[in-house]
Amino acid sequence: MATSRLSTRRVEWRVQVGTSNKPGQGLVIFEASVSYIPDPLAAGGPRTAIPEPVAAVLDASGYACTPAAGDPSAPGERGVALFTTDSLGEDGGDWTWTARPQLRSVNGVQMAGAVPAFSFTVPTGTGSLDLAEVQKVPASPGLGTEQAVALVARAEKALRDAVGMVGDTLAGAAEEAVGTALADARIVRGTATGGTTVAAGGFIGDNDRMTDLVFDANGEVPDFILLDKWGRRLGTDQAVKGAVTGYTSAAAGGFVGDNDRLTELVFDAQGNVPDSSLQRWAARMNLRPAGLTSTLPIVTVGDSQTGATYDGVTWPEIMRTALGLGPTEVKNCGYPGETSVAIAAKMGAVPAVWPVGGTVPASGYVEVLLKEHTDLMLWWGAMPCTLAGVPGVLSRHPSQPGGSPSLDYPARFTRTAPGAAVKVPPNAPFIPENVMYRGCMTIVMVGRNNTQNTERVLADTRAIVDNLTALDRKYLVLSQINGNASPINAGYAGDYGLRYLDVRSYLQSLQAIADAGLTPTQADRDAIASRAVPPCFLNDAVHMNGAGLTRQGHFVAQHIIGKGWL
């Protein structure tokens with residue numbers, strides 16, 4: 001008799017902190033990537049099962065537990081029962097569960113955000129599944145690239161072992177296993193022609209082995225390919241230009257992922273990967289970006305608090321001098337007037353996109369209307385970038401009045417040099433030149449120009465931090481110093497712990513005034529008493545003067561030195 005194909009499996013996970021193995025504390029929320037599961041063979045007749053979120057409670061030993069009956073805040077039995085994710089078969093393909101840890105502080109150490117959300121499959125089987133042994137996969141339909149590659153690698157190893165041990169008989173079975181693994185991994189074959197759609201996965205060569213051209217669900221070449229394969233081949237300071245070989249000639253354009261976003265695989269009219277893409281990959285491999293002499297340059301990210309000069313001073317320049325670095329070893333990416341939205345776009349963390357797409361002409365410019373257009377373009381300085389592999393500059397419309405962004409004045413993308421006209425798919429991103437700095441030590445101070453939207457500032461800051469790619473990420477998130485900044489600063493403190501630097505509290509102290517060699521006035525003392533930055537450090541209600549910027553620069557430098565980062 002036919003039975004339900006829908007099954008469950010127990011999932012276990014233990015969280016511990018530090019070398020002393022202190023138990024983690026808090027919750028783990030498990031959410032399915034599908035909203036329902038058809039179960040036509042269920043006992044009692046067909047049904048549709050809805051996988052509800054499961055909130056597991058960490059017990060005194062750090063184990064994720066099913067909530068106790070009658071008290072959902074107390075841990076019950078260790079482990080949670082989750083639907084298996086391979087039950088849909090050919091009808092719907094594989095899906096995933098996402099674990100969203102909500103960890104509390106342990107002995108004063110901030111744990112919020114220590115383990116970001118991750119996705120995993122729960123294959124049908126006996127026994128429990130331990131998440132500490134499960135490879136992460138993207139939260140999207142189908143297996144992620146890392147798991148797919150591992151699956152293929154295991155099958156190929158079985159093939160090699162079979163040939164070595166018993167010859168062709170078992171080798172035939174192993175070859176079949178390889179074929180099954182490739183099919184399960186949702187790998188696609190294809191030719192490099194403009195506009196070809198590819199799923200998360202990659203390409204198989206003529207010998208049925210996976211090439212090192214693979215993509216994750218966001219259309220990006222994953223870090224393990226860049227670091228383990230291409231990084232060693234490139235060396236430390238090299239950049240390459242490779243023509244497309246082995247496939248049909250590539251038109252200017254590239255590949256589009258399942259989410260209709262252009263992947264990182266783009267070509268110019270000659271079939272070459274553009275230099276801007278190579279620079280982006282080099283930054284993620286921690287190679288030296290062109291034009292910088294430091295092996296670990298520092299990048300400062302922000303608005304006028306970071307980019308504007310007052311009394312001949314910027315705090316990044318003061319920081320550079322205090323650290324004893326050369327003129328090219330600190331890159332100041334701050335620009336006056338920009339919101340967190342614009343800053344995240346210019347750093348490549350939340351790229352601006354062209355929603356409707358169109359055509360980049362053979363020369364000159366094309367007008368583009370961006371999502372969140374008015375927020376993005378407020379005082380935005382020109383942004384060197386690429387669009388569908390075409391180098392150019394994204395800028396405000398020249399007729400747009402300063403400080404008065406309007407949909408009547410769309411942005412312009414002006415190509416750097418004449419060439420063939422290029423069709424651009426919908427939602428193609430503008431990949432900024434600044435992505436080359438993703439592997440650098442980064443100091444972030446954003447949100448002053450949209451403090452009224454705390455959630456957006458916190459989300460954009462998180463995107464900027466998550467976009468960093470160095471193996472040993474070094475970054476600091478600085479507080480806002482004035483305005484409606486308290487909710488933002490509180491969010492930063494909770495999200496980043498020891499990576500959050502409270503510049504505001506330092507400046508609101510007599511110690512900072514003494515460090516500046518100044519004598520506090522009564523107005524300064526009154527401001528400090530009311531938890532405000534004293535007038536001796538302010539140029540106006542919003543910006544610091546040279547004395548304040550100097551103190552901030554030294555304050556940041558001291559923390560970099562204290563962390564042993566230089």
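How many disulfides does the structure hold?

1. The structure, which is a predicted model, holds zero disulfides. Two of its cysteines can still be placed with respect to the surface: C65 counts as buried, at 0% relative accessibility, and C385 also counts as buried, at 6% relative accessibility.

2. Turning to the aromatic rings, the count comes to eight aromatic pairs. One of them is formed by F30 and F120, whose ring centres are 6.1 Å apart and whose planes stand at 90 degrees, and because an angle over 60 degrees counts as edge-to-face, this pair is given that name. F30 belongs to strand β4 (residues 26–32) while F120 belongs to strand β12 (residues 118–120), so the pair ties together parts of the chain that are 90 residues apart in sequence. Both of these residues, F30 and F120, are buried.

3. A second pair worth examining in the model is that of Y492 and Y500, where the ring centres lie 6.3 Å apart and the planes meet at 50 degrees, so the pair is described as tilted. Y492 counts as buried because its relative accessibility is 1%, which falls under the 20% limit. Y500 is buried as well, with a relative accessible area of 15%.

4. It is also useful to look beyond single pairs, since F30 and F120 join W13 and F118 in one aromatic cluster. A reader who finds F30 in the structure can therefore look for W13, F118 and F120 as the other members of that cluster.

5. Two rings have a charged side chain over them. The charged end of R78 sits over the ring of Y63, at 3.8 Å from the centre of that ring, and K346 lies over the face of Y335, at 4.9 Å from the ring centre.

6. The last residue to consider is R412, whose place is in strand β25 (residues 411–415). Although arginine carries a charge at its end, R412 is buried here, with a relative accessible area of 16%. Its side chain makes a polar contact with the side chain of Y365, at 2.9 Å. When the neighbours within four places in sequence are left aside, R412 is in contact with Y365, V366 and E367, with V393, L394 and S395, and with H397 and P398. Y365 thus appears both in the polar contact of R412 and in this list of its contacts.

Terms used:
Residues are numbered from 1 along each chain as its sequence is written. This is a predicted model: local features need pLDDT of at least 70, side-chain atom pairs count only at pLDDT 80 or more; totals for chains, interfaces and linings use all residues. Side-chain values use heavy atoms; hydrogens and water are left out. Rings of Phe, Tyr and Trp (its six-membered ring) pair if their centres lie within 6.5 Å; planes under 30 degrees apart count as stacked, over 60 as edge-to-face and the rest as tilted. Helices (H or I, at least four residues) and strands (E, at least two) are DSSP runs, numbered from the N terminus. Buried means under 20% relative accessible area, exposed over 50%, partly exposed in between (1.4 Å probe, protein chains only). A charge sits over a ring if NZ of Lys or CZ of Arg is within 6 Å of the ring centre and within 35 degrees of the ring normal. A polar contact is a pair of N or O atoms within 3.5 Å; within protein, one must be able to donate a hydrogen and the other to accept it, and residues adjacent in sequence count only if both atoms are side-chain atoms. Contact means heavy atoms within 4.5 Å. A disulfide is a pair of cysteine sulfur atoms within 2.5 Å.
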